[in-house]
Amino acid sequence: MPHLVSDTALIFGRYARQTLRSKPALIFGMVQPLLFLVFFGPLLTDLPLGGRAGSWQTIVPGILVQLGLFSASFTGIGLILERRTGVIERMRVTPVSRLALLMGRVLKDVVLLLTQSLALVCVAVALGLRAPVLGVAIGFVFVGVLTISLASLSYALAMRVSSPQGFAPVINSITMPAMLLSGILLPMSLGPRWLDIASHFVPFRYFVDGVRAAFAGEYGDGKIALAALVATALAAVAVTLGARLFQRAGA
């Protein structure tokens, strides 16, 4: 375990420094969620979106989950490029733990997503968001767990495909239906009954409901507890599967 922790910290440091040197990636990584926040959010502020909380408490949690969903799902593209340039091959000859090669990358993605989420919430507060600090902290925990789950699977998939052209269609075919059925843009309770029922088979629906309940300060209605249960199960399955596929692929 100490060897794994030190190796994970080493890999995390490498990719954190690499990310900090890429200023355009840091800036443009926030463009899409901020566009949704600034241009899409005001369209809904006067609409009854359900629940006792205000519209921003419904809109912002959905955008946070969307940020985690899309950003974490596409992290594997960078790994594909590293494979093609021989970086992974050079890492394989070092004594670094194979699992640390995965978890160090995932930890970097978590820190990056949480930093972007904090910036997003600060902008949302300026636009009218009012949420308890504890609720925002709980929401960030859910975003972090979502990032761990999806980034682990994304890196595992990247070790199985040979090019970004083969990677992107798979991710798009999963993330787009997941986004539409999870209620990220609007609560699924506003739609027809059959669509609301179908959305309960999408785990991201529970992330969205849990974050919205946290931002509204509704800690006792069971949504946060259910979201925590689903998030823990998803993370356990995703990390286990991701680690096995990552190691079998020779990483």
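User: How much accessible surface does the chain have, and what share belongs to carbon and sulfur atoms?
Analyst: This is a predicted model, in which local features need pLDDT of at least 70, side-chain atom pairs count only at pLDDT 80 or more, and totals for chains, interfaces and linings use all residues. Residues are numbered from 1 along each chain as its sequence is written, and side-chain values use heavy atoms, with hydrogens and water left out. By the Shrake-Rupley method with a 1.4 Å probe, where for residues only the protein chains shown count as cover, the surface comes to about 12000 Å², and the carbon and sulfur share is 70%.

User: What is the secondary structure of the chain, in helices and strands?
Analyst: Helices (H or I, at least four residues) and strands (E, at least two) are DSSP runs, numbered from the N terminus. From the N terminus on, each element of the chain is an α element. The count is 12 helices and zero strands.

User: Why does the chain count as compact as a globular protein of its length?
Analyst: The radius of gyration is taken over C-alpha atoms, and the globule rule is 2.2 Å times the number of residues to the power 0.38. For 251 residues that rule gives 18 Å, and the chain is close to it, so it is as compact as a globular protein of that length, with a radius of gyration of 18 Å.

User: Which residues touch the most other members of the largest nonpolar core?
Analyst: A nonpolar core is a set of buried Ala, Val, Leu, Ile, Met, Phe, Trp, Tyr and Cys residues joined through side-chain atoms within 4.5 Å. Buried means under 20% relative accessible area, exposed over 50%, partly exposed in between (1.4 Å probe, protein chains only). The largest such core holds 58 residues, and those touching the most other members are Val60, Leu64, Phe204, Phe207 and Phe215.

User: Which residues does Phe207 touch, not counting residues up to four places away in sequence?
Analyst: Contact means heavy atoms within 4.5 Å. With that sequence exclusion, Phe207 touches Val65, Phe142, Leu146, Ala231 and Leu234.

User: How far apart in space are Ala72 and Ala151, C-alpha to C-alpha?
Analyst: Ala72 sits in helix 4 (residues 55-73) and is buried at 0% relative accessibility. Beyond four places in sequence, its contacts include Thr147, Leu150 and Ala151. Ala72 and Ala151 are 79 residues apart in sequence, and their C-alpha separation is 4.8 Å.

User: Is Thr175 buried or exposed?
Analyst: Thr175 belongs to helix 9 (residues 164-181). Outside its neighbours up to four places away, Thr175 touches Leu69, Phe70 and Ser73. Its relative accessibility is 3%, so Thr175 counts as buried.
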